[in-house]
Amino acid sequence: MQAAGRLRGYPVDVDAGDLFRDASGDVARKWAAMADGLFSLADEAGLPVQDLVARQIVDLGMSFRIAGDDEERPWPLTPMPLLIGAEEWAGIERGLIQRAQLLERLAADIYGPQSLIRQGHLPAAVVAGSRYFARRMVGLEPRGNHYLHVYAVDLARGPHGQWRVLGDRLRLANGVGYALENRLALARGTGGLLSGINTRRLAHFFAELRGGIARDCQRESPRIALLTPGRFNQSYPEQAHLARYLGLPLVEGRDLTVSDDRLYVRTIAGPKRVDAVWRWIDTNALDPLAFDAHSAIGVPDLFDAWARGGLEMANWPGVEVMEAPAFAA
C-alpha cells in the first residue's frame with residue numbers, strides 16, 4: 001500500500017460510534033494525514049513508530065507504579081493519537097463547564113446551608129454516609145470562593161457517538177500530568193505531524209490552571225506548592241513532572257510547617273511562605289490534628305491555616321464527597 005491512503009483499508013465498518021468513520025471530511029483528512037505521516041516516519045527511520053515514541057518516553061522519564069510493585073514501569077503510549085474535531089470538542093467543553101459549575105454550587109451547599117438536603121432534593125445519607133464527607137469543613141468557605149480549581153472526568157463515547165461522563169475526579173486529577181507527557185512524547189517522537197494538522201496546544205490550559213489558583217491567593221506573586229504523598233505513590237512521576245512544568249515546588253508533609261496560621265516550606269535559605277497548595281493527598285490525611293490522627297504524610301495545624309484564611313487549597317478539602325456514584329443520578 002502506498003503512503004497516501006493508509007486508512008483506506010480501515011477494518012471497522014459500523015454505522016456510528018467510531019471516531020474515524022464518523023469524522024467529517026476535514027477531520028477525516030487529518031486522520032489520514034497523521035496515519036500517512038507515521039508510516040513515512042517509520043520508513044525513513046527504519047524503525048517502527050512505536051520505538052521512536054518509546055525513546056521519548058524513556059528520555060522524559062515517563063513511568064508509573066502499580067500497587068505492590070517495587071519498580072516503576074514505562075508508560076505505554078500508542079503513536080496514533082485520538083483525534084477529535086474542534087466543533088465536536090466545543091460541545092464536550094460546554095457540557096463539562098456546565099457540569100463543573102453545577103459541582104461548584106453543590107459543594108457550596110453541602111458545606112454551607114445544606115438546603116438541598118433540607119428540601120429533600122439530596123438524600124442526607126449520600127453525604128453524611130460518605131467516608132469523604134469532612135464534617136469539620138461545614139461552615140468554612142474558601143477565600144477565593146472556589147471549591148474546585150481542578151476538575152477532571154473519565155469520558156467515554158457511546159455506540160451512537162454520544163459522549164458520557166463515567167466518573168468525576170475531584171479528589172485527585174490523575175491523568176492531567178500524563179496528558180501533558182503524552183503530548184510531549186508524541187510531539188518529539190513524530191516530528192511536526194501534530195502541528196501539521198493544527199492540533200490545539202496544551203500550554204494555555206496549564207497556564208490558566210496555575211493562574212486560577214494564583215488569583216485566589218489575593219497576593220502578588222504567590223508561591224504555590226504541589227503536595228505529594230511521596231515517591232512511593234503510584235502517580236508520583238506524574239506529580240513530579242507537573243511540578244517541574246508549572247514551576248511549583250514539589251513538597252511532602254515533612255517539608256512544611258505552620259506558624260501563626262501561615263504555611264511555610266523549609267528551605268536551605270530558611271522558611272518560605274506558601275500561599276496555596278495543590279493537594280494530591282486525601283482530605284483525611286492532610287492534618288493529623290484535625291482529621292485522621294494516624295496520618296504520617298500530613299501537616300499538623302494545616303487545618304487552622306486554611307480555616308482562618310491564611311492558605312488557599314486546591315481542591316477545597318472535602319469536595320471528594322461528590323465523587324460518589326449516587327451524585328451521577
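Begin by selecting Phe-205, Phe-206 and Tyr-245, which together form one aromatic cluster. The model on display is a predicted one, and this cluster serves as the starting point of the tour.

**The aromatic cluster**

A search of the whole structure finds nine aromatic pairs. Among them is the pair of Phe-206 and Tyr-245, whose arrangement is edge-to-face, with 5.5 Å from centre to centre and 70° between the planes. Which helices does this pair tie together? Phe-206 belongs to helix H9 (residues 203-215) and Tyr-245 to helix H10 (residues 236-246), so the pair links parts that are 39 residues apart in sequence.

Colour the two residues by accessibility. Phe-206 has a relative accessibility of 2% and therefore counts as buried, the cut-off being under 20%. Tyr-245 is partly exposed, with a relative accessible area of 36%.

**Helix H10 and its surroundings**

Next, select the whole of H10. Eight of its 11 residues are buried, so the helix is largely enclosed by the rest of the structure. The buried residues are Pro-237, Glu-238, Gln-239, Ala-240, His-241, Leu-242, Ala-243 and Leu-246. Against which elements do they pack? Display strand E1 (63-64), helix H7 (176-189), H9, strand E5 (224-227), strand E6 (250-251) and strand E10 (276-279), against which the buried residues of H10 pack. Just after H10, Gly-247 takes a positive phi of about 70°.

Keep H7 and H10 in view and hide the remainder. Their axes are 8 Å apart, and the two helices pack at an angle of about 70°. H7 and H10 are therefore roughly perpendicular to each other. On the H7 side, the contact is made by Val-176, Gly-177, Tyr-178, Leu-180, Glu-181 and Leu-184. On the H10 side, the contributing residues are Pro-237, Glu-238, His-241, Leu-242 and Tyr-245. Tyr-245 thus appears in this contact as well as in the aromatic cluster.

**The hairpin of E3 and E4**

Move now to strand E3 (residues 152-157) and strand E4 (residues 163-169), which pair in the antiparallel sense over six bridges. Select Arg-157 to find its bridge partner in E4, Trp-163. Five residues lie between the strands of this hairpin, and Gly-161 takes a positive phi near 90° there.

From E3, step back into the loop between helix H6 (124-128) and E3, where Asn-145 is found. Asn-145 has a positive phi of about 65°, although it is not a glycine. Is Asn-145 buried or exposed? At 54% relative accessibility, Asn-145 counts as exposed.

**The sheet of E7, E8 and E9**

Select residues 256 to 274 for an open sheet of three strands, in the order E7-E8-E9, with antiparallel pairing. Its edge strands are E7 (256-259) and E9 (272-274), each of which pairs on one side only. From one strand to the next, the twist averages 45°.

Focus on E7 and strand E8 (residues 262-265), which run antiparallel and are joined by four bridges. Ser-259 stands opposite Arg-262 in E8. In the loop between E7 and E8 lies Asp-261. Asp-261 has a positive phi of about 60° although it is not a glycine, and its relative accessible area of 23% makes it partly exposed.

**Two further stops**

Select Arg-136 together with Phe-303. Arg-136 lies over the face of Phe-303, at 4.3 Å from the ring centre.

Then go to Ala-314 and Asn-315, which are joined by a cis peptide bond with omega of about -10°. Asn-315 is in the segment after strand E11 (312-314).

**The whole chain**

Finally, restore the full view. The protein chain holds 11 helices and 11 strands. Its C-alpha atoms fill a box of roughly 70 × 55 × 40 Å, taken along the principal axes. Of the 329 residues in the protein chain, 43% are buried. Among contacts between residues at least 6 apart in sequence, 66% join residues at least 24 apart. The pair of Phe-206 and Tyr-245, with which the tour began, ties together parts that are 39 residues apart in sequence.

Conventions
Residues are numbered from 1 along each chain as its sequence is written. This is a predicted model: local features need pLDDT of at least 70, side-chain atom pairs count only at pLDDT 80 or more; totals for chains, interfaces and linings use all residues. Side-chain values use heavy atoms; hydrogens and water are left out. Two strands pair if DSSP finds at least two bridges between them. Axes are lines fitted to C-alpha atoms, for helices over the stretch in contact, and angles run from 0 to 180 degrees between N-to-C directions. Rings of Phe, Tyr and Trp (its six-membered ring) pair if their centres lie within 6.5 Å; planes under 30 degrees apart count as stacked, over 60 as edge-to-face and the rest as tilted. Buried means under 20% relative accessible area, exposed over 50%, partly exposed in between (1.4 Å probe, protein chains only). A charge sits over a ring if NZ of Lys or CZ of Arg is within 6 Å of the ring centre and within 35 degrees of the ring normal. Contact means heavy atoms within 4.5 Å. Angles under 35 degrees count as roughly parallel, over 145 as roughly antiparallel, 65 to 115 as roughly perpendicular and the rest as oblique.
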